[in-house]
Amino acid sequence: NNDFSEAIENDRTHVWHHLSQHKRYETSDPMVVIEGKGMRVWDARGREFLDAVSGGVWTVNVGYGRETIADAVREQLVRLNYFANTAGNVPGAQFAGKLIGKMPGLSRVYLSNSGSEANEKAYKIVRQIAHNKYGGKKHKILYRERDYHGTTITALSSTGQIQRKGQYGPFTPGFVEVPHCLEYRSQYGDCADYGEKAARAIEDVILREGPDTVGAIVLEPITAGGGVITPPEGYWPTVQEICRKYDILLHIDEVVCGVGRTGKWFGYQHYDIQPDIVTMAKGVASGYAAISCTVTTEDVFNEFKSDPADPMSYFRDISTFGGCAAGPAAALENMRIIEDENLLENTTAMGGYLLDRLHMLKERHELIGDVRGKGLFCGVELVKDRASKEPVDESTAQAIVADCMSNGVIIGATNRSFDVYNNTLCLSPALICTKDDLDAIVDAIDNALARVSA
Ligand code: PMP
């Protein structure tokens, strides 16, 4: 049955979508996706697209239509579909062991269903440790301007993007913002030690708040939705030093960067730091199942469960679907694919190629102010004028996305209220991409830029 008109009508009338889809219904044809294979998806009207953003939000890391992941999930569902995390299950245990093998220094994996939930769990861990070790004092959690940590009220409370926070306040207390580290928009003018300065700005906030009140800082290794912000030289070692100096837990949000996206298993592993807590979601099972993880050191695990007032406290943490068997079964097979197909190596090689091609594009298009990225995770920041760096209007980025789409290539942009500047194109193709795929993607952007600036 190839008639999807009823489904499209129901989608238009009854589904509560992200606003972008509702806007498309007002102005143009919406997209109802029905099938995917490798790097490509097809929609209900039979249109074929090359997907440069892995499912719209950097998720389908190993590509669409993976039979072996579907088989692993099916086999597990037939054997045992569900039992609560009050007991163990085999894929959960195998996956945790395999994951920990990629994360030296960390040893405990809490499984849940989304990036927001994984971050909420991390915040609860920090608050419980504040109570257990510091009589509740060290309860504040720092987050960074332009970083995003999820869609729930507390995840939004720790998100540094004003527009995403909308009118959803009042927010959860105890979250304090630190400045962003986008060198292209340096707060200190041109300086050789921007990374050090941006990190010291965190220390200023800690001193202002009082180090004995700050329990943790949550940071994306590379800020994703806030504009693909690669950290400046010298930033991470200083952040780590500051955390150690004031006994502050370092929580890295790997929801986007994790599981191969940047060419290493985790983004933080480029920067030689040792986090206390790592959260991940999206690429953990490449979208074949909903699964997320909060990974900690053994110390954090022990400090969390040693509540002097209530030693049973951590048994409260039951999530009905967290860690239920299909998720880890998919995640395990996802990791096997990345290893057996050498996808980390491919990501590094193809990511380098993509960045080179984008830099060449910058030489030909005045609209491009900055190009940045790591692995298959790149951003192209658009400006009206290179000297003033004034961002283009949101409509310009939108027009480029729409132009690419009408030519069969799906790219992303930090628009639709993702970012205060609304002006960065985002590329995050699946880790299986080839040079031909990347050429097609960059050519589409090249043509779109030419048309939009004509
Ligand atoms: N952290 C980061 C860095 C993210 O990009 C996202 C999702 N875009 C989240 C957390 C939230 O994940 P989820 O949508 O699965 O709740």
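Me: Classes for the record: Ala, Val, Leu, Ile, Met, Phe, Trp, Tyr, Cys and Pro count as nonpolar, Asp, Glu, Lys and Arg as charged, and the others, Gly among them, as polar. By class, what does the shell around the ligand have?

Reply: Six nonpolar, eight polar and two charged residues. This is a predicted model: local features need pLDDT of at least 70, side-chain atom pairs count only at pLDDT 80 or more, and totals for chains, interfaces and linings use all residues. Residues are numbered from 1 along each chain as its sequence is written.

Me: Which residues come nearest to the ligand?

Reply: Ser114, Gly115, Ser116, Gly150 and Val255, out of 16 around the ligand. A residue counts as near if its C-beta atom, placed from the backbone, lies within 6 Å of the molecule.

Me: Which helix gives the most to that shell?

Reply: Helix α6, residues 115-134, with three residues. Helices are DSSP runs (H or I, at least four residues), numbered from the N terminus.

Me: What is the angle between α6 and α11?

Reply: About 65 degrees, with the axes 8 Å apart; α11 covers residues 298-305. Axes are lines fitted to C-alpha atoms over the stretch in contact, and angles run from 0 to 180 degrees between N-to-C directions.

Me: Left-handed or right-handed crossing?

Reply: Left-handed for α6 and α11. That label applies if the near helix is turned anticlockwise from the far one by less than a right angle; clockwise is right-handed.

Me: Which residues make the contact?

Reply: Ile125, Gln128, Ile129, Asn132 and Lys133 of α6, with Val300, Glu303 and Phe304 of α11. Contact requires C-beta atoms, placed from the backbone, within 7 Å. The classes are four nonpolar, two polar and two charged.

Me: Other pair. How do α9 and α10 cross?

Reply: At roughly 25 degrees, with axes that come within 7 Å. α9 is residues 194-209 and α10 is residues 235-245. They are therefore roughly parallel to each other, a term for angles under 35 degrees. The crossing is right-handed.

Me: New topic. Is lysine 362 buried, exposed or partly exposed?

Reply: Partly exposed, because 16 other C-beta atoms lie within 10 Å. Buried takes 20 or more, exposed 12 or fewer, and partly exposed is in between, with C-beta atoms placed from the backbone. Lysine 362 lies in helix α13, residues 343-364.

Me: What does lysine 362 touch?

Reply: Ile368 and Val371, not counting residues up to four places away in sequence.

Note on methods: Helices (H or I, at least four residues) and strands (E, at least two) are DSSP runs, numbered from the N terminus. Angles under 35 degrees count as roughly parallel, over 145 as roughly antiparallel, 65 to 115 as roughly perpendicular and the rest as oblique. Two residues are in contact if their C-beta atoms, placed from the backbone, lie within 7 Å.
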